[in-house]
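Hi everyone, thanks for coming. I have one structure to walk you through today, so let's put it on the screen.

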Amino acid sequence: MITVLHKANTRGHANHGWLNSFHTFSFANYYDPERIHFGKLRVLNDDEVAPGMGFGTHPHDNMEIISIPLEGDLEHKDSMGNTTVIREGDIQVMSAGTGIKHSEYNKNRDKPVKFLQIWIIPNKRNVEPRYDQIKLNEEEAKNRFSQILSPNPNDEGVWIYQNAWFHFANLDQGHQVKYSLKDPNNNGVYLFVLNGNLDVEGIELDSRDGVGISDTSIFNVKSNSDSKILLMEVPLN
């Protein structure tokens, strides 16, 4: 097994006043040649948007964009005519394809919104843009890995144009779970700790730490405290 550890305090950071953002991988003005991506996982931004503020209308193309709210309410508008609000417990996905414009704002004027912005490089270019949003069943993630994203439109969770699987897990202190890769010949896993303290095959992780795992088909996760984690299995090449 090969691992690469990214401690929370080594991430890129940009505070624009209205936006406080931590970048696991190179993004905007943060550049680290050793941290461009993990396989097809290109962006993992941990964002906090001030009350009533947000990202004005801007374009994307040929990227799979996943938003996962952690706290508060995020209002979304796009050039396909969608106007929605995504909240904690939701997951949103956009296949930008041939091109899409969208905006994202904190719907509340009295509290911040916190969310993960994740970009996955697609395996098909110039597809027709698409949007999807679902409510997750958090009970499904109690002391187990619950699938929230896959390559299959008929499978659990949302789907994207890539051979990738995302899972959530809410682990009680002392609980252990194993993860078996869906495609161990081609994929690796990036595990991101939302909160808590974990042990992943001897590597200790705290809140907002991340670890990339490759060259294995299965690994063990032990929770040293009540913990919540996001696991992203993606192609490495």
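**A strand serine and its partner**

Let me start with a pair of side chains: Ser-21 and Asp-47 are joined by a polar contact of 2.4 Å. Before going further, please keep in mind that this is a predicted model.

Where does Ser-21 sit? You'll find Ser-21 in strand S3, which runs over residues 19-23. Is Ser-21 buried or exposed? Its relative accessibility is 3%, and the cut-off for buried is under 20%, so Ser-21 counts as buried. Leaving out residues up to four places away in sequence, Ser-21 touches Gly-12, His-13 and Ala-14, and also Asn-45, Asp-46 and Asp-47.

Now let's zoom out to the whole chain. The chain has 22 strands and 0 helices. Its radius of gyration is 17 Å, close to the 18 Å from the globule rule for 237 residues, so the chain is as compact as a globular protein of that length. If you like box dimensions, the C-alpha trace spans about 45 × 40 × 40 Å along its principal axes.

How much of the chain is buried? Buried residues account for 54% of the 237. Looking at contacts between residues at least 6 apart in sequence, 71% of them join residues at least 24 apart. The accessible surface is about 10500 Å², and carbon and sulfur atoms hold 43% of that. As for charge, there are 23 positive and 32 negative side chains, with the centres of the two sets 3 Å apart.

Next stop, please: Asp-209. This residue is in the loop between strand S19 (203-205) and strand S20 (210-214). With a relative accessibility of 2%, Asp-209 counts as buried. Which side chain does Asp-209 pair with? That would be Lys-7, through a polar contact of 2.6 Å between the two side chains. Setting aside residues up to four places away in sequence, Asp-209 also touches His-6 and Ala-8, as well as Leu-191, Phe-192, Val-193 and Glu-204.

Last one, back at the start of the chain: Ile-2, in strand S1, residues 2-6. Here the relative accessibility is 48%, so Ile-2 counts as partly exposed. Beyond residues up to four places away in sequence, Ile-2 touches Gly-212, Ile-213, Ser-214 and Asp-215. And if you want a distance to check on screen, the C-alpha atoms of Ile-2 and Phe-38 are 13 Å apart, with these positions 36 residues apart along the chain.

That's my tour, thank you, and I'm happy to rotate the view for anyone.

Technical notes
Residues are numbered from 1 along each chain as its sequence is written. This is a predicted model: local features need pLDDT of at least 70, side-chain atom pairs count only at pLDDT 80 or more; totals for chains, interfaces and linings use all residues. Side-chain values use heavy atoms; hydrogens and water are left out. Helices (H or I, at least four residues) and strands (E, at least two) are DSSP runs, numbered from the N terminus. The radius of gyration is taken over C-alpha atoms; the globule rule is 2.2 Å times the number of residues to the power 0.38. Buried means under 20% relative accessible area, exposed over 50%, partly exposed in between (1.4 Å probe, protein chains only). Contact means heavy atoms within 4.5 Å. Accessible areas come from the Shrake-Rupley method with a 1.4 Å probe; for residues, only the protein chains shown count as cover. Lys and Arg count as positive and Asp and Glu as negative; His and the chain ends are not counted. The place of a charge is taken as NZ of Lys, CZ of Arg, CG of Asp or CD of Glu. A polar contact is a pair of N or O atoms within 3.5 Å; within protein, one must be able to donate a hydrogen and the other to accept it, and residues adjacent in sequence count only if both atoms are side-chain atoms.
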